[in-house]
Every structure is written in C-alpha cells, then in structure tokens.
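Could you walk me through this structure in my viewer, one selection at a time? I would like to know what to click next and what is there.

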Amino acid sequence: MVTFKDDGLIRRLTSEFIPVVANTQDLQWHESPASRFFLGVVERTDSETLSRQWRSSRDPQGMYILAPDGTSFGFTNDHEPVDIQRFMDRGLRGYRKTQPTQVVIADADVAAPWSARLDPAGAVIRVFSRIRPLPVDAGGLNRGVGRDFLWIYPEEIKALIEGDSLPPALVARIVRFHLVDGVRGTPTLWRPREVRRADATTVVTSRTPGAKTLAFTIGFSMSGKRQAALGDHEVVTQGYRGGSRARSRSTSRPGSCARSARLQMARRGEKGTSHPIRPPDTSG
Amino acid sequence: MQRNWLLACIAIGLAGCGRGDQRLAATDRETRSTTVVTSTPEPARPPGTPLPSDCTGSQAAADLAAADAPGATLERRIASVVPTPAEEKFLMVPWRTNVMAAREEAQRAGRPLFLWIMVGNPQGCT
C-alpha cells in the first residue's frame with residue numbers, strides 16, 4: 001500500500017479522477033455488465049506490460065485510466081508514487097485530447113449484481129497479519145501488513161449465539177483460508193487434504209443478559225509441499241502448526257458479534273521458507 | 001523467516017472500510033463460491049474526511065515494540081498487528097466500488113476514471 005499513502009496521489013485521485021477499486025474475481029471471472037465492460041477495456045488497452053501479463057497468466061491486475069465510454073488512456077502496474085504521477089499525467093493528457101463518446105448506461109446495468117455480498121445478517125471481520133517479530137534486516141513486503149476479510153454467515157452467528165462452540169465450517173475456513181501468509185502477496189490457500197488437524201475448544205467466559213463472551217482455541221496442522229513463484233520470490237510452503245486463541249463476544253442482536261475483537265496466532269512451520277528466486281546463471 | 005511468528009489478527013468488522021465490497025467469500029467447498037448479490041454502490045467518502053475511529057488502529061504503532069516483549073499479553077499482540085494510521089491512509093481516497101455507477105459519475109463530472117483492480121479487492125489488499 002506504499003502507492004496510495006502518498007498525499008499528492010490521494011489529492012489528485014480525489015480531484016482529477018473518479019477513483020474505482022475492483023476485484024478480478026468479480027470483473028474477470030463473473031459475468032455481469034461491469035465485467036463485460038472491463039474485459040473490453042483490457043482488450044482495447046494498448047500496453048506492453050498488460051499484454052505480457054495477459055499472455056502469461058491472463059492477469060489484468062493493475063491501474064487503468066479510462067473514459068466513461070471505455071476508451072483506455074493507459075495501464076500501469078508500477079507502485080512508486082512518482083511513476084503513478086507520471087501515469088496520471090499521461091492519462092489526463094490523453095483524456096483531454098479526445099472527445100469521449102457520451103454513453104447512456106442503463107439503470108439495470110448500474111443496479112446489476114457485480115460482486116458477492118454477504119447477507120446483512122452475517123458479519124464481516126477484517127483480518128490482518130504481520131511477521132512478528134520482524135527481523136532487523138527485513139525489507140520490502142516483509143514489513144507490510146496482510147489484509148483479508150473473514151465472513152461469518154448468518155447461520156454461524158446464530159450457532160454462536162445459541163450454542164457454545166465454533167461451527168466446524170467456520171473453523172475450517174479460518175484454517176484453510178486465513179492461516180496463510182498474506183503479508184507478501186496473494187497467498188496459497190490450504191487444500192482440504194492438507195489440513196491434518198483443525199479442532200476448536202470453546203469456553204464461555206461470561207454470560208450476561210443478552211450477551212455472551214466465548215474464548216476459543218483452535219489447534220491446527222497443515223502441511224503440503226508446494227512451490228509457487230510469486231514475482232521475484234519463490235515460496236515453498238511445507239507446513240504450519242500451532243494454536244490460535246481468540247475471544248468473541250456475541251449478543252442476541254444478529255450481526256453484532258462483528259464488533260468484538262478476535263485474535264488468532266499461528267506459528268509458522270519451521271520448514272517453511274521464502275527466499276528470492278536465484279537469478280538465471282548467465283556466467284557461461 | 002524461520003522461527004518467526006506470523007500473527008494474524010482477526011480484528012473488528014468495520015462499516016466504512018470496504019465492508020460492502022468484500023472479496024468473494026470462499027466456502028469450504030473447494031469449487032463453490034457464494035451468491036452474487038449486490039446492487040447498492042458504496043457511498044464515496046468525501047475527500048479529507050477522517051477515517052472512522054475504529055479504522056485507524058491507533059494503538060498499533062505504540063504497541064509494536066511492547067508486543068514482542070516476553071510475556072506480552074494477547075491484547076498487546078493484537079494491537080501490534082493492526083495497521084497503523086499510515087497503513088490505512090489509502091482508505092482516505094473516496095474509492096467507488098460500482099464500476100457502472102462510476103462511469104455515469106465520471107461522465108457527469110467530465111473526469112476520467114482511475115480503475116485499480118487486483119486479485120482480491122484492493123480495499124482488502126490481498
């Protein structure tokens with residue numbers, strides 16, 4: 001998130017553009033008026049970087065400057081603020097030089113679903129991760145914070161309120177999708193067969209009229225040998241094991257448990273490694 | 001990286017921090033995803049509006065060192081993982097989430113769109 005910490009960029013995005021965020025999961029892989037529009041933009045964007053990304057892995061990630069009619073004025077996947085400033089300058093020049101076609105966007109297209117949305121009776125929990133303690137010489141992405149969201153479905157909230165244990169499906173999702181290394185880019189999720197252990201014990205620590213606080217511990221063990229090249233790093237994951245502790249306070253009001261703090265801790269498997277890919281040997 | 005802790009803090013559900021635009025929820029059925037239903041564009045945060053107070057993680061920076069101390073409490077460890085205000089600054093940008101509505105708005109405003117798309121919603125920054 002180095003890029004958008006920059007005050008100059010924040011100011012320009014706010015005053016010179018209409019800034020939009022999107023998820024490839026929605027605009028690339030799900031059919032909707034928005035995804036049709038976006039995929040057309042990808043096709044029309046004249047960018048060597050984008051073409052390379054698209055050819056190698058059908059990856060459209062990055063930043064685009066567009067007219068409302070879909071005319072594209074450039075693409076970048078750089079992250080340094082100074083590069084983004086130049087990208088903005090180029091995009092604005094292109095935009096001002098052309099007369100974009102006025103488009104009529106049907107109300108139905110604006111209202112059409114384009115993304116997954118949780119039932120309002122559910123809860124969304126922000127998930128953060130970091131490497132702690134951070135080695136003194138750690139740099140780059142290792143210093144960052146991993147971000148994700150955990151959804152708790154309405155039926156799970158109901159189960160938490162009515163029962164005294166964590167629903168097994170919730171435990172499974174925490175283990176498979178959130179006990180991952182999300183600090184340095186897109187994490188690899190655990191496959192079901194790689195989860196050797198995932199069990200939770202729960203203790204009700206307080207019960208007052210209309211509210212209940214649970215403390216829970218999750219024991220887990222996941223292992224599986226996989227190798228994935230991520231940018232200029234090769235990540236070899238062999239396993240995590242450890243315990244997670246957390247506290248959850250839920251009340252009888254649906255969805256309100258999202259306001260309680262929770263924690264989980266994972267001990268990284270001692271065999272897990274992450275290291276730069278060795279550059280190709282060009283010595284002869 | 002060996003022998004270090006990777007802490008994951010499942011923190012507070014936050015209105016105004018991208019809640020309405022979460023990335024597709026995966027379920028424990030490997031190939032299924034949840035229903036696609038949303039029709040209401042997220043309201044844009046007016047420029048310069050302070051972040052919601054529970055979005056700033058203001059305790060985090062102060063507690064970073066203390067969290068590594070032997071015997072640090074669970075609460076300190078949580079605080080050390082939550083993003084610092086500087087790390088949440090990108091949320092000051094009034095990001096729109098509905099591309100089609102943003103096109104209409106851009107046309108009315110006579111401005112181009114700046115579209116940032118990632119694997120996983122950038123507001124989650126996966």
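## A tour by selection

Start with strand S4 of chain A, residues 123-132, where 9 of the 10 residues are buried (20 or more other C-beta atoms within 10 Å of a residue's own; exposed means 12 or fewer, partly exposed in between, with C-beta atoms placed from the backbone). Helices (H or I, at least four residues) and strands (E, at least two) are DSSP runs, numbered from the N terminus.

A word on what you are viewing: this is a predicted model, in which local features need pLDDT of at least 70, side-chain atom pairs count only at pLDDT 80 or more, and totals for chains, interfaces and linings use all residues. Residues are numbered from 1 along each chain as its sequence is written, while chains are lettered from A and ligands numbered from 1 in the order in which they are written.

Now add strand S5 of chain A, residues 146-152: S4(A) pairs with S5(A) in the antiparallel sense over 7 bridges (pairing takes at least two DSSP bridges). Click A:Ala123 and you will find its bridge partner, A:Ile152, in S5(A).

Next, select A:Val20, A:Leu66, B:Val99, B:Leu113, B:Phe114 and B:Leu115. In the largest nonpolar core (buried Ala, Val, Leu, Ile, Met, Phe, Trp, Tyr and Cys residues joined through C-beta atoms within 7 Å), which has 44 residues, these touch the most other members. Elements supplying at least two residues each include H1 (7-16) and S1 (18-23) of chain A, and H3 (99-109) and S2 (113-118) of chain B. S2(B) gives the most, with 6 residues. A second, separate core of 32 residues includes A:Val124, A:Val145, A:Val171 and A:Phe177.

Stay with H3(B). Its buried residues are B:Val99, B:Met100, B:Ala101, B:Ala102, B:Arg103, B:Ala106 and B:Gln107. Their cover includes S1, H3 and helix H6 (107-111) of chain A together with S2 of chain B. Which residues does B:Val99 contact, leaving aside neighbours within four places in sequence? They are A:Val20, A:Ala22, A:Ala34, A:Phe37, A:Phe38 and A:Trp114 (contact: C-beta atoms, placed from the backbone, within 7 Å). Just after H3(B), B:Gly110 takes a positive phi of about 65 degrees.

Finally, color chain B by pLDDT, the predictor's confidence in each residue, from 0 to 100. Among the elements of chain B, H3(B) has the highest mean (96) and S1(B), residues 5-10, the lowest (41). Over residues 1-64 of chain B, pLDDT stays under 50. Where pLDDT is low, the predicted coordinates should not be read in detail.

Technical notes:
Two residues are in contact if their C-beta atoms, placed from the backbone, lie within 7 Å.
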